[in-house]
Amino acid sequence: DNQSENCPLIPDSPDKPTSPSSSSTNLKRVEIPLDLWIYHILPYYESNAQFCQNAMLRLCTVIRSEALKYIDADKLPLVDLGVILQVYSILSDKVTRQKRVELAFGQRVISKETLERFKYYNIVQENGLLLQDGETFVKADREIVTRAVHQAGLALQYANAQFRADKHIVMIAVCQNGNALSLADYALKEDSDIVRHAVKNCGSALKYASKKMRSNEGIVLDAVRQDGLALFYSKYLDGRKSVALEAVHQNGMALKYVNKSLQDDEQIVTIAVHSNPEALQFASGSLRRNRQFIIQMVLHNGICLQYADDSLQRDRGVVLKAIQNSDEALRFAHKSLLKDRDFCKVVLKKRGKSLRWMHPSLQQDRELVLIAIQNNANAISFASAILQNDERMLRISYRHQILQQQQLEELQQSRKIS
């Protein structure tokens with residue numbers, strides 16, 4: 001109520017009409033034209049809905065009816081029509097939309113088209129793609145289309161074709177879904193503002209941009225920062241190191257689309273592999289044969305051994321480096337090493353569960369299985385069926401399992417104390 005004095009629609013209390021029978025002098029002095037009424041009420045409605053509702057309910061019936069005489073509902077902006085109907089919904093939430101209109105506007109005729117427009121104005125707020133079910137005049141309504149693409153950028157495909165060339169509408173659409181750029185007029189696919197917002201939302205939207213935009217380093221950088229794989233759509237800049245670095249940093253697999261000259265660059269490949277170890281498969285052959293480089297990669301992630309040159313998969317030193325951080329690294333060692341008992345014995349002392357990848361003849365070797373269990377009690381599950389059912393082996397495995405669990409608990413306790 002304290003705020004009512006700020007609302008130009010409510011007269012000071014001494015002159016405020018209190019009933020429909022109030023003097024006509026007061027009503028004439030208030031003078032509330034349609035546009036003034038709507039645009040003064042709306043700001044209060046948006047900033048303080050409860051205050052707006054209270055203020056409008058305090059306006060007497062005569063003032064409301066006098067103001068509404070100026071309204072042509074068919075020309076009223078949908079957002080303003082919504083405000084009026086919202087006020088009358090306060091009076092009765094159960095009345096139909098048509099009844100609310102009758103309450104607000106009396107018996108004057110309001111076209112079915114206006115009611116249909118208002119219906120879709122509310123529908124697309126929840127699901128913009130439902131614009132596709134609207135009539136032609138609905139799809140050509142700027143207010144409805146704006147609200148639809150704000151909720152779902154791809155709703156632009158169902159709007160009237162004129163909106164595909166409308167920069168404001170398209171901007172809203174691509175900010176919600178970058179792929180809406182595919183629906184824009186070609187002239188807007190060459191607009192740097194539109195394209196930049198599209199690729200910042202979805203890097204792969206770069207594929208819908210014009211050739212000129214796909215050659216723009218700033219645009220491409222924005223795209224690969226959002227999705228490194230977007231580099232695929234810019235063959236013109238795949239040899240630019242600054243672009244390649246951003247792409248592989250965001251997604252190591254983007255190394256696949258980097259220019260071949262840069263696939264031989266240690267810095268770029270290292271960043272790519274740190275992002276995704278699988279990216280090593282796209283490095284140049286010379287790097288995958290480089291022993292020192294591969295050792296650095298397997299020390300980061302032993303799985304990188306998978307993409308090392310065959311000669312390095314036979315290299316005992318490289319394989320031993322790889323198993324330092326991965327039980328599965330031995331899987332990618334050369335088959336000849338998986339049959340080598342002496343080598344496998346060394347491996348099992350470091351990685352008991354690597355027994356899984358060794359030759360079957362070694363999985364039934366009692367001594368090797370015992371070494372594996374001593375390192376990891378769960379390694380018994382990779383021994384041969386005979387040893388898995390061996391009573392003595394099961395007792396040893398169980399004993400080591402308890403011991404290893406105690407050691408783990410002690411380690412965790414010491415970390416908490418420190």
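**Exercise 1. Take stock of the fold: how many helices and strands are in the chain?**

Solution. Start with the secondary structure: the chain holds 26 helices and 0 strands. Keep in mind as you work that this is a predicted model. Next, turn to burial: of the 418 residues, 45% count as buried. Then look at the contacts with a separation of 6 or more, where residues 24 or more positions apart account for 46%. Finish with the surface, of which the chain exposes about 21700 Å², with carbon and sulfur atoms supplying 46% of it.

**Exercise 2. Work out how the buried residues of helix 12 are arranged, and what covers them.**

Solution. Step one is to pick out the buried residues of helix 12 (residues 192–201): Ile194, Val195, Ala198 and Val199. Step two is to look down the helix axis, where these buried residues fall within an arc of 120 degrees, so they line one face of helix 12. A general rule helps here: an α-helix has 3.6 residues a turn, so residues three or four places apart point the same way. Step three is to find the cover, which includes helix 10 (167–176), helix 11 (186–189), helix 13 (211–214) and helix 14 (217–226).

Now move to the start of helix 12. There, a side-chain oxygen of Asp191 comes to within 2.9 Å of the backbone nitrogen of Asp193.

**Exercise 3. Which parts of the chain does the salt bridge of Asp193 tie together?**

Solution. First find the partner: Asp193 forms a salt bridge with Lys167, and the closest N and O atoms are 3.7 Å apart. Then place both residues: Asp193 lies in helix 12 and Lys167 in helix 10, so the pair ties together parts that are 26 residues apart in sequence. Last, check accessibility: Asp193 is partly exposed at 36%, and Lys167 is partly exposed at 36% as well.

**Exercise 4. Is Asp141, a salt-bridge residue, buried or exposed?**

Solution. Begin with the pair itself: Asp141 and Arg117 form a salt bridge with their closest N and O atoms 2.7 Å apart. Asp141 sits in the loop between helix 8 (136–139) and helix 9 (142–151), while Arg117 belongs to helix 7 (residues 112–126), so the bridge ties together parts 24 residues apart in sequence. For burial, the cut-off is under 20% relative accessible area. Asp141 has 10% and is buried; Arg117, at 11%, also counts as buried.

**Exercise 5. Analyse the salt bridge of Lys345, then find a salt-bridge network.**

Solution. The side chain of Lys345 meets that of Glu367 in a salt bridge of 3.0 Å, N to O. Lys345 lies in helix 22 (residues 341–350) and Glu367 in helix 24 (residues 366–375), so parts 22 residues apart in sequence are tied together. Lys345 is partly exposed, with a relative accessible area of 24%, and Glu367 is partly exposed at 37%.

For the network, look at Arg196, Asp222, Arg225 and Glu246, which salt bridges link together. To set these cases in context, a search of the whole structure finds 19 salt bridges.

**Exercise 6. Which backbone oxygen does the side chain of Ser397 reach?**

Solution. Locate Ser397 first: it lies in helix 26 (residues 391–417). Ser397 counts as buried, at 7% relative accessibility. Its side chain reaches the backbone oxygen of Ala377, at 3.1 Å. Finally, leave aside the neighbours within four places in sequence, and Ser397 is in contact with Ile373, Ala377 and Ile380.

Terms used: Residues numbered from 1 in each chain as written. Predicted model: local features only at pLDDT ≥ 70, side-chain atom pairs only at ≥ 80, totals over all residues. Heavy atoms only, no water. Helix = DSSP H or I, 4+ residues; strand = E, 2+ residues; numbered from the N terminus. Buried < 20%, exposed > 50% of the residue type's maximum accessible area, 1.4 Å probe, protein only. Contact = heavy atoms within 4.5 Å. Areas by Shrake-Rupley, 256 points an atom, 1.4 Å probe, with all protein chains shown as cover. Arc of directions from axis to C-beta. Polar contact = N/O pair within 3.5 Å; in protein donor to acceptor, adjacent residues only side chain to side chain. Salt bridge = Lys/Arg side-chain N within 4 Å of Asp/Glu carboxyl O.
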